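I opened this entry to record what I looked up in the structure, starting from a single residue and working outward to helices, chains and DNA.

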Number of protein chains: 2
Amino acid sequence: MSAPASGRARSEILDAAAVLLGRDGYPAATVRAIAARVGIKAASIYHHFPSKDAIVQAVLDRGVVVVHEAVVAALAALPADAPAEVRLRAALRAHLAASLEHGAYTYAAVRGFGSVPAAVRAPNRSIRRAYEDLWRGIVADLQAEGLVDPEIPPDGVRLMLLGALNWSNEWYRPGVLSLDDVADSFARIVTQRQPAANIASAARPRIRPL
Amino acid sequence: MSAPASGRARSEILDAAAVLLGRDGYPAATVRAIAARVGIKAASIYHHFPSKDAIVQAVLDRGVVVVHEAVVAALAALPADAPAEVRLRAALRAHLAASLEHGAYTYAAVRGFGSVPAAVRAPNRSIRRAYEDLWRGIVADLQAEGLVDPEIPPDGVRLMLLGALNWSNEWYRPGVLSLDDVADSFARIVTQRQPAANIASAARPRIRPL
DNA sequence: TCGTTAGCCTAACAAACGTTAGGGGCACAC
DNA sequence: GTGTGCCCCTAACGTTTGTTAGGCTAACGA
């Protein structure tokens with residue numbers, strides 16, 4: 001039945017499902033609609049996936065994993081002793097960039113999540129939790145280095161950041177604000193500092209700190 | 001066909017639809033499931049609403065309006081010359097409280113939005129825009145009074161705040177963090193200040209500002 | 001007392017859903 | 001040449017969807 005983890009058709013099916021899921025939600029992501037986007041008939045889908053929900057679950061998982069991996073890679077590329085603010089900016093930027101690059105999947109993971117049957121939702125939860133833990137670490141570093149008031153509950157900071165990032169799927173379109181502008185805004189709101197000189201918008205005009 | 005804007009059954013139908021929509025999304029909010037929660041049969045729904053989508057739209061609209069009105073009321077209750085930080089805290093708290101009180105509706109408005117047909121989504125957009133404008137004003141005041149670095153793009157601040165607030169539906173459960181804790185956290189992250197003495201957590205232990 | 005209306009019912013409709021059965025064609029191994 | 005899979009097809013299945021038609025009952029005003 002369900003084919004190996006490779007294959008052209010398989011990834012095309014996932015792409016199509018991601019677009020439909022993110023744009024119009026679970027009810028619109030019918031097997032027939034997915035198949036039509038790929039250029040095959042509905043029944044052929046079942047040579048690659050055992051069920052519709054298996055497709056949906058794969059899309060949701062990938063939507064989270066792809067962002068997680070991008071952020072991990074961005075952090076790994078920094079020097080080991082990089083200060084917390086640099087790490088924060090790198091993580092924000094990587095998250096936003098990955099969200100944009102794999103827009104269909106991340107959009108599906110954020111928007112589609114609520115419309116998906118509970119059976120599909122549950123396995124996705126643990127994947128999300130792993131990503132949240134990564135941010136727990138970043139926030140802890142920020143507070144340890146005094147860039148964020150240590151008295152503010154760390155969960156509040158983490159949830160605010162993740163909320164802002166996740167919600168960015170709803171409004172962010174390239175062109176209005178640049179991706180670096182958004183990452184920079186978020187970082188400065190949280191730390192209320194000027195951007196580090198070696199990151200992104202070095203040419204930005206400076207203003208006296210508050 | 002569709003009944004007047006009052007009536008016991010009508011509001012019970014809306015309540016039931018909101019719960020289903022928020023918890024399991026548009027596909028699970030079937031006319032039969034809604035009717036079953038109310039204790040009537042599917043066909044009877046059509047004595048109160050012309051279609052399923054009319055119900056869904058009413059739920060989505062109410063989910064936004066109820067929060068908007070709560071925030072407006074909270075701001076109106078403040079003295080006319082209240083400083084921006086006080087207004088910010090009042091607005092945050094009112095948003096969170098309304099989200100919690102009318103949880104089914106706000107949850108449906110945030111989570112269900114993505115899974116709803118485009119025809120239902122569109123009218124809801126203008127309602128959301130009105131609420132966003134309210135926050136545009138708050139952010140402008142914060143920057144005018146120097147509580148937020150005026151160089152940070154105002155849209156970045158607004159979108160971060162609204163993102164954090166909207167996403168709070170996903171994780172906030174009373175008991176872990178109190179509602180005041182969350183509102184206080186968000187306000188302090190944005191302004192990096194101690195809470196104003198006359199608001200909420202006056203008994204909180206103080207720490208030196210960064 | 002009668003007519004009207006509101007509110008609910010049963011029954012059924014066409015359409016769309018996810019899914020399965022079974023067959024055809026093409027590519028490669030032997 | 002002849003098998004053996006892979007990939008896709010047509011056709012159909014049983015179920016569920018939103019919705020409609022039409023009738024019953026109880027309440028209320030004239």
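**Asp141(B).** I first looked up Asp141(B), which is partly exposed, with 17 other C-beta atoms within 10 Å. I used these cut-offs: a residue is buried if 20 or more other C-beta atoms lie within 10 Å of its own, exposed if 12 or fewer, and partly exposed in between, with C-beta atoms placed from the backbone. Asp141(B) sits in helix α6 (residues 118-144) of chain B. I took helices (H or I, at least four residues) and strands (E, at least two) as DSSP runs, numbered from the N terminus. Leaving aside neighbours within four places in sequence, I found Asp141(B) in contact with Ala84(B) and Arg87(B); contact requires C-beta atoms, placed from the backbone, within 7 Å. Arg87(B) is 54 residues from Asp141(B) along the chain, and their C-alpha atoms are separated by 9.2 Å.

**Source notes.** I noted that this is a predicted model, in which local features need pLDDT of at least 70 and side-chain atom pairs count only at pLDDT 80 or more, while totals for chains, interfaces and linings use all residues. Residues are numbered from 1 along each chain as its sequence is written, and chains are lettered from A and ligands numbered from 1 in the order in which they are written.

**Ala29(B) and the core.** Is Ala29(B) buried or exposed? I recorded it as buried, with 27 other C-beta atoms within 10 Å. Ala29(B) lies in the loop between α1 (8-24) and α2 (31-38) of chain B. Beyond its neighbours within four places in sequence, Ala29(B) is in contact with Ala17(B), Leu20(B), Leu21(B), Ile34(B) and Val56(B). The C-alpha atoms of Ala29(B) and Ala16(B) are separated by 8.8 Å.

I then followed Ala17(B), which, with the same neighbours within four places left aside, is in contact with Ala29(B), Ile34(B), Ile55(B), Val56(B) and Val59(B). Ala17(B) is also among the residues with the most contacts inside the largest nonpolar core, which has 120 residues. Others in that group include Ala17(A), Val56(A), Val59(A) and Phe186(B). By a nonpolar core I mean a set of buried Ala, Val, Leu, Ile, Met, Phe, Trp, Tyr and Cys residues joined through C-beta atoms within 7 Å.

**Chain A.** I counted eight helices and zero strands in chain A. Buried residues make up 43% of its 210 residues. Of the contacts in chain A with a separation of 6 or more, 69% join residues 24 or more positions apart.

Why is helix α5 (residues 103-111) of chain A largely enclosed by the rest of the structure? I noted that eight of its nine residues are buried, so the helix is largely enclosed. The buried residues include Tyr105(A), Tyr107(A), Val110(A) and Arg111(A). Their cover includes α1 (8-24), α3 (52-76), α4 (84-101) and α7 (154-171) of chain A.

**Helix pairs.** I looked up α3(A) against helix α6 (residues 118-144) of chain A: they pack at an angle of about 0°, with their axes 9 Å apart. Axes are lines fitted to C-alpha atoms, for helices over the stretch in contact, and angles run from 0 to 180 degrees between N-to-C directions. The two helices are therefore roughly parallel to each other; angles under 35 degrees count as roughly parallel, over 145 as roughly antiparallel, 65 to 115 as roughly perpendicular and the rest as oblique. Among the residues that meet are Val56(A) and Leu60(A) in α3(A), and Ile127(A) and Tyr131(A) in α6(A).

Across the chains, helix α8 (residues 179-191) of chain A and α7(B) pack at an angle of about 70°, with their axes 9 Å apart. They are therefore roughly perpendicular to each other. Val182(A), Ser185(A), Phe186(A) and Ile189(A) of α8(A) make this contact with Gly156(B), Val157(B) and Met160(B) of α7(B).

**Chain interface.** I found 38 residues of chain B in contact with 38 residues of chain A. On the chain B side, α7(B) gives the most, with 12 residues.

**DNA.** Which residues come nearest to DNA strand D? I listed Ile40(A), Lys41(A), Ala43(A), Ala43(B) and Ser51(B), out of 16 around the strand. I took a residue as near a strand if its C-beta atom, placed from the backbone, lies within 6 Å of it. DNA strand C is surrounded by 16 residues, the closest being Thr30(A), Ala43(A), Ile40(B), Lys41(B) and Ala43(B).

Key:
Two residues are in contact if their C-beta atoms, placed from the backbone, lie within 7 Å.
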